[in-house]
Amino acid sequence: GLPDIWSEASITDDSTGVGFSMREAFGVDVPPETSAAYTIRVRLNVNEPPVFDLISDVSVAEDGTATVSITGVDAGAEDEVDQTLTFLVASSNPSVVPDPTLTGDGATRSLDINTVADANGTAEITVDVFDDGLTGDVHSNTSSQTFTVTVFAVNDPPTIDGPLAQVISEDAGPQVVALEGIGVGGGEDEASTQTLTVEAVSDTPDIVPDPMVTDAGSSWELAY
């Protein structure tokens, strides 16, 4: 915190041979003197900023969550323990990491970090804390820290909607079934970089040989 700040005040006693007490005003007794100069050191009460421990950077998997502990939360000085502290938490990249939620009280708080589905990248998280004491001039009522959340990419499994069971007559001939919901899974980064291979295998090839799967452009087809 800030060091104690003192101000100098000089008081001159011009009385003759009569002592007087300044204990009531300054807590100092002045001895009898004909003429004397006294220096009174007056302590100014300064609002010190709130504090909390350094927050480390965080890594989390795509679609994952994390909890960060904020420790060492303190109003800043022993005579400021009755102050109310207010936290503000903001993300620089809410399209990857929305503003985290802060919970708890006392010397330890928790930040709940969530990620946007299928998004990855980095976000700077800024934590500001304010007390309700004096501000301006020599006073300070704010502290701030920034840490980085890195959301690393995860390869999501491809998707497909299960085709409905087929019932056909013996010797019915070739059949074609549309396959729906086929995709690489995940976000735009996977859609733009990954290639799909679709295969079909029959568990009774002596009745139904392995079907053929073709990409029909806007959809996939299975022929058997």
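1. Valine 176 is found in strand S12, which covers residues 176-179, and the placement should be read with the reminder that this is a predicted model. With a relative accessibility of 57%, valine 176 counts as exposed, because the cut-off for that class is over 50%.

2. Although valine 176 is exposed, it has contacts with residues elsewhere in the chain: once residues up to four places away in sequence are set aside, valine 176 touches Glu221, Leu222 and Ala223. For glutamate 221, the C-alpha atom lies 6.6 Å from that of valine 176, while the two residues are 45 apart along the chain.

3. Is glycine 64 buried or exposed? Its relative accessibility is 18%, so glycine 64 counts as buried, given that the class takes in values under 20%. Glycine 64 belongs to the loop that runs between strand S5 (58-61) and strand S6 (65-70).

4. The surroundings of glycine 64 include Asn114 and Thr115, with which it is in contact when its neighbours within four places in sequence are left aside. A further distance may be useful for checking the model by eye: the C-alpha atoms of glycine 64 and aspartate 118 are separated by 9.7 Å, and these residues are 54 apart along the chain.

5. Turning to the pockets, the largest holds about 230 Å³ of space; 14 residues line it, and those closest to its centre are Pro163, Leu164, Gln166, Leu222 and Tyr224. Leu222 is also one of the residues that valine 176 touches. By class, the lining of this largest pocket consists of 12 nonpolar residues, 1 polar residue and 1 charged residue.

6. The second largest pocket has about 170 Å³ of space, and its lining includes Ile168, Ser169, Glu170, Asp171, Ala172 and Gly173, together with Ile207, Val208, Pro209, Asp210 and Tyr224. How many residues of this lining are nonpolar, polar and charged? The lining of the second largest pocket divides into 6 nonpolar, 2 polar and 3 charged residues. Tyr224 appears in this lining and is also named among the residues closest to the centre of the largest pocket.

7. For the chain as a whole, the secondary structure comes to 2 helices and 14 strands. Among contacts between residues at least 6 apart in sequence, 61% join residues at least 24 apart.

8. Finally, on burial and surface, 29% of the 224 residues in the chain are buried, and the chain exposes about 14000 Å², of which carbon and sulfur atoms supply 52%.

Technical notes
Residues numbered from 1 in each chain as written. Predicted model: local features only at pLDDT ≥ 70, side-chain atom pairs only at ≥ 80, totals over all residues. Heavy atoms only, no water. 1 Å grid on protein atoms, 1.4 Å probe; cavity = no way out; pocket = protein on both sides within 12 Å on 5 of 7 lines; lining within 4 Å. Points joined across faces, edges and corners; volume = space filled by probe spheres on them. Nonpolar A, V, L, I, M, F, W, Y, C, P; charged D, E, K, R; others polar. Helix = DSSP H or I, 4+ residues; strand = E, 2+ residues; numbered from the N terminus. Buried < 20%, exposed > 50% of the residue type's maximum accessible area, 1.4 Å probe, protein only. Contact = heavy atoms within 4.5 Å. Areas by Shrake-Rupley, 256 points an atom, 1.4 Å probe, with all protein chains shown as cover.
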